[in-house]
Each structure stands twice: as structure tokens, then as C-alpha cells.
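Student: I have not worked with this structure before, and I would like to go through it slowly. Could we look at it together, one question at a time?

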Amino acid sequence: MWNSNQRKHANTTTNHDSHANDTSLIASGTRIKGDVHFSGALHLDGVIEGSVSADPDNNAVFTLSEHGRVTGEVHVPHAVINGIVKGNIHAVERLELAAQACVEGDVHYRVLEMAAGAQINGRMVHQKESPRQITHQAEEGDGIFDDDVVMDGGKA
């Protein structure tokens, strides 16, 4: 048994990175109204009405099942989408769109894997730069760079 001082010490010395392998589940039938920030992995079978975000400099993974839905922005390093997103997706590293994915918004990605049947109703913006460089360059221009590929229903 630990006394209260030992418990306090154990809680304060826990490394933030120790949660990198943790997985959170938001089950079907659960509705969250508000923004969700996570580390590690987040698996959504329910509904989030708000933004979903993780620190871009970690290996966080957001997985949206075919039953899940997000109404809001998604800002994550890695995303696997198989449900409905009504908002823009910013996947700093990798975006996987499964067969039942339906995105009503723009997708920003570095690496994209898209299965037959997935839908995007918005722009597709490929980003070759790191997030820090994009932020710096965005202040100088209109947010679209010479090296980026933009698809907008044939209006590129």
C-alpha cells in the first residue's frame, strides 16, 4: 500500500508519452456536444458535435467507424474514416478513407488512401510541407502553394 505522499509522487512523475498507446472508445449511442482533444488512439462509434483534435507532433490515430459521425473539424496526425464527417479534415501525416466514408468538407493530407465507394464533397489538398512550414507560408500567401495539388470538381 502506498501512503498519500507516495501516490502524489507517482501521479506527478507519470510521463505524458506513457498515454501514447492508450485507446479511448466512444460507443454507439453516445453523443458528445463539444470539442474532443485526445492522445493515443480514439475510436468513435458514436457522434461528436464539435471538433476532434490531437497534437500534430505525436502519433495519435483517430478512427471513425461506419456507425460514427463528426459534425465539426478534425485535426489529427493520422485518421481512418469509414463514417460521416461534416467538416474539414486536416490529417498531418496520413488519411485513410474506407469504402463507407462520406466527407462533406475539404480534406488536407500528406498521404491519402481512398477505397472505392468513399466520397468527398469538397476540396482535396495534398500537403508536401511540414505543418510548421505551411503555417509560416500561409501568412505570406493565399494558403495554396505551388507544390500542393488541389482538386475541386475540375476547378483546380
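Student: Is R94 buried, partly exposed or exposed?
Tutor: This is a predicted model, and the class of a residue is read from its relative accessible area. Buried means under 20% and exposed means over 50%, with partly exposed in between. R94 has a relative accessible area of 29%, so by these limits R94 is partly exposed.

Student: With which residue does R94 form a salt bridge in which the closest N and O atoms are 2.6 Å apart?
Tutor: R94 lies in strand β11 and the residue in question in strand β13, and the pair links distant parts of the chain, 19 residues apart. That residue is partly exposed, with a relative accessible area of 41%. The partner of R94 at 2.6 Å is E113.

Student: Which residue is linked with R94 and E113 in a network of salt bridges?
Tutor: By the rule used here, the count of salt bridges comes to five. The bridge between R94 and E113 belongs to a network that takes in one further residue, and that residue is E96.

Student: Which residue meets the side chain of R110 in a salt bridge?
Tutor: R110 is in strand β13 and its partner is in strand β11, 17 residues apart, so that the pair links distant parts of the chain. R110 counts as partly exposed at 24% relative accessibility, and the partner counts as partly exposed at 29%. The side chains meet at 3.3 Å, N to O, and the partner is E93.

Student: How many bridges join β11 to β13, the strands that hold these residues?
Tutor: Strand β11 covers residues 89–97, while strand β13 covers residues 107–114. The two strands run parallel, and one example of their pairing is H90, whose bridge partner in β13 is H108. The number of bridges that join β11 to β13 is seven.

Student: Which residue of β11 is the bridge partner of V76?
Tutor: Strand β11 is also joined to strand β9, which covers residues 74–81, and these two strands run parallel with seven bridges between them. Within this pairing, the partner of V76 in β11 is A91.

Student: Is H108 buried or exposed?
Tutor: H108 has its place in strand β13, and among the residues it touches, not counting those up to four places away in sequence, are I89, H90, A91 and V125. A residue counts as buried under 20% relative accessible area. With a relative accessibility of 11%, H108 is buried.

Student: With which side chain does the side chain of H108 make a polar contact?
Tutor: The residues that H108 touches, leaving out those up to four places away in sequence, include R123, V125 and Q127. The polar contact of the H108 side chain is at 3.4 Å, and it is made with the side chain of Q127.

Student: Which residue forms a salt bridge with D106?
Tutor: D106 lies in the loop between β12 and β13 and its partner in the loop between β14 and β15, so the pair ties together parts that are 17 residues apart in sequence. D106 counts as buried at 17% relative accessibility, whereas the partner is partly exposed at 22%. The closest N and O atoms are 3.4 Å apart, and the partner is R123.

Student: Which strands are the edge strands of the open sheet of six strands?
Tutor: The six strands follow the order β2-β5-β8-β10-β12-β14, and their pairing is parallel. At one end of this order, β12 and β14 pair over two bridges, where C102 stands opposite Q119. An edge strand pairs on one side only, and the edge strands are β2 and β14.

Student: Which two residues form the aromatic pair that a search of the whole structure finds?
Tutor: The search finds one such pair, which is tilted, with 6.4 Å from centre to centre and 45 degrees between the planes. One ring belongs to strand β3 and the other to strand β7, so the pair ties together parts that are 24 residues apart in sequence. Both residues are buried, with relative accessible areas of 7% and 0%, and they are F38 and F62.

Student: How many helices and strands are there in the chain?
Tutor: The chain has 156 residues, of which 35% count as buried. Its elements come to two helices and 16 strands.

Technical notes. Residues numbered from 1 in each chain as written. Predicted model: local features only at pLDDT ≥ 70, side-chain atom pairs only at ≥ 80, totals over all residues. Heavy atoms only, no water. Phe/Tyr/Trp six-rings, centres within 6.5 Å; stacked < 30°, edge-to-face > 60°. Helix = DSSP H or I, 4+ residues; strand = E, 2+ residues; numbered from the N terminus. Buried < 20%, exposed > 50% of the residue type's maximum accessible area, 1.4 Å probe, protein only. Polar contact = N/O pair within 3.5 Å; in protein donor to acceptor, adjacent residues only side chain to side chain. Contact = heavy atoms within 4.5 Å. Pairing = 2+ DSSP bridges. Salt bridge = Lys/Arg side-chain N within 4 Å of Asp/Glu carboxyl O.
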